[in-house]
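Please find below some remarks on the structure, set out as numbered points. They begin with the aromatic contacts and end with the metal site.

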Amino acid sequence: MRGKIIRLYKKADKKGFALGAFNFSTNEILKGIIFAAKKLKAPIIISTSEGERNFFGCEESVAVYNAIRKKYPHVILHADHTKSFKELKKIIDAGYPSVHFDGSKLSFRHNVRETKRAADYAHSKNVFIEGELGGITGGSTTHKERLKDVLTEDILTKPEQAKEFVELTGVDSLAISIGNAHGIWKDKPKLDFERLKDIKKRTGKFLVLHGGSGISAKDFRKSISLGINKININTELRVAYAHSLLKSLNKREDYTPYHYLKDVSAAISKVVEEKIIIFKADKKI
Ligand SMILES: [Zn+2]
């Protein structure tokens with residue numbers, strides 16, 4: 001599977017589009033994501049954080065993914081932010097074809113050592129692996145603070161260190177910190193495009209932008225033109241889900257889940273469709 005995933009990233013890199021990675025924790029979210037991808041003929045990544053896969057189930061995610069790709073093969077299941085070798089191994093052994101190892105809280109030396117161990121294991125199982133260097137602050141929620149008050153220069157990815165990191169670890173792609181953060185903040189994130197350009201030039205790797213919720217269409221397009229190949233979206237889906245569900249439940253006295261959850265799937269689809277178009281990933285299959 002790793003070869004196939006690498007080919008897809010290469011296609012994105014060459015054609016100037018980014019793969020959208022959308023998180024799910026329930027089946028109606030998944031339905032909404034896949035509906036949008038099919039409609040726009042876009043290759044797509046479906047992703048689970050640790051909390052999401054604990055809720056959905058790790059084996060269950062793999063089983064549903066295998067069922068989906070029989071009908072729509074342009075999907076990749078990806079595990080977001082695994083933070084220990086034990087967790088990573090559990091996910092790979094369950095059948096995830098793509099994983100993210102997040103050692104960003106560790107010292108550089110420690111991050112290199114743990115990520116290399118993770119990459120060696122992933123590659124031995126033909127699994128694609130994303131590493132992370134530099135800190136990506138916040139959780140996938142709405143924040144009361146302003147990002148510029150909590151984001152400090154020292155957590156941004158250093159281009160020269162990024163080169164060393166990818167060479168020492170052998171990761172297939174790299175998540176970077178260029179002013180992006182998880183969640184939606186009071187202010188808009190201010191991306192450091194010069195840094196992004198420098199990281200791409202030095203590493204030549206597929207690059208990943210976490211914390212896509214809240215970034216403007218213009219900044220997404222510019223990031224893609226400078227070498228971002230995958231963009232993660234989670235919070236905007238969570239917000240759309242909650243708003244739609246509350247609205248549907250208030251609207252009518254109808255206790256049939258597949259009636260009101262249909263609206264939730266449609267709300268998810270709408271957000272995913274918008275992003276696919278911004279990422280220029282439509283009509284790419
Ligand atoms: Zn993330």
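1. The coordinates belong to a predicted model. A search over the whole structure yields six aromatic pairs. Two of the pairs are treated individually below, followed by a cluster, a charge over a ring and the zinc site.

2. One of the pairs is formed by Phe-24 and Phe-56, with ring centres 5.2 Å apart and an angle of 90° between the planes. The arrangement is edge-to-face because the angle is over 60 degrees. In sequence the partners are 32 residues apart, and the contact links distant parts of the chain. Phe-24 belongs to the loop between strand S1 (19-23) and helix H2 (27-40), whereas Phe-56 lies in helix H3 (residues 50-56).

3. Are the two partners of this pair, Phe-24 and Phe-56, buried or exposed? Phe-24 has a relative accessible area of 1% and is buried. Phe-56, with a relative accessible area of 16%, is also buried.

4. Phe-85 and Tyr-121 form an aromatic pair as well, with 5.6 Å from centre to centre and 75° between the planes, which is an edge-to-face geometry. This pair likewise links distant parts of the chain: Phe-85 is in helix H5 (residues 85-94) and Tyr-121 is in helix H6 (residues 108-124), 36 residues apart. Phe-85 counts as buried because its relative accessibility of 15% is under the 20% limit. Tyr-121 is buried too, its relative accessible area being 16%.

5. The ring of Phe-85 has a further neighbour: Arg-117 lies over its face, at 3.9 Å from the ring centre. Phe-85 therefore takes part both in the pair with Tyr-121 and in the contact with Arg-117, while counting as buried at 15% relative accessibility.

6. A separate item concerns aromatic clustering. Tyr-9, Phe-128 and Phe-206 together make up one aromatic cluster.

7. Which residues supply the protein donors of the zinc ion? They are His-81 through NE2, His-182 through NE2 and His-210 through ND1, at 2.0 to 2.1 Å from the ion. The spacing of the donor residues in sequence is H-x100-H-x27-H.

8. Within the zinc site, His-81 and His-182 link distant parts of the chain, being 101 residues apart. His-81 is in strand S3 (residues 75-82), and His-182 is in the loop between strand S6 (173-176) and helix H9 (193-203). His-81 counts as buried at 12% relative accessibility, and His-182 is buried with a relative accessible area of 11%.

Notes
Residues numbered from 1 in each chain as written. Predicted model: local features only at pLDDT ≥ 70, side-chain atom pairs only at ≥ 80, totals over all residues. Heavy atoms only, no water. Phe/Tyr/Trp six-rings, centres within 6.5 Å; stacked < 30°, edge-to-face > 60°. Helix = DSSP H or I, 4+ residues; strand = E, 2+ residues; numbered from the N terminus. Buried < 20%, exposed > 50% of the residue type's maximum accessible area, 1.4 Å probe, protein only. Lys NZ or Arg CZ within 6 Å of the ring centre and 35° of its normal. Donors = N, O, S within 2.8 Å, 3.2 Å for Na, K, Ca; no water.
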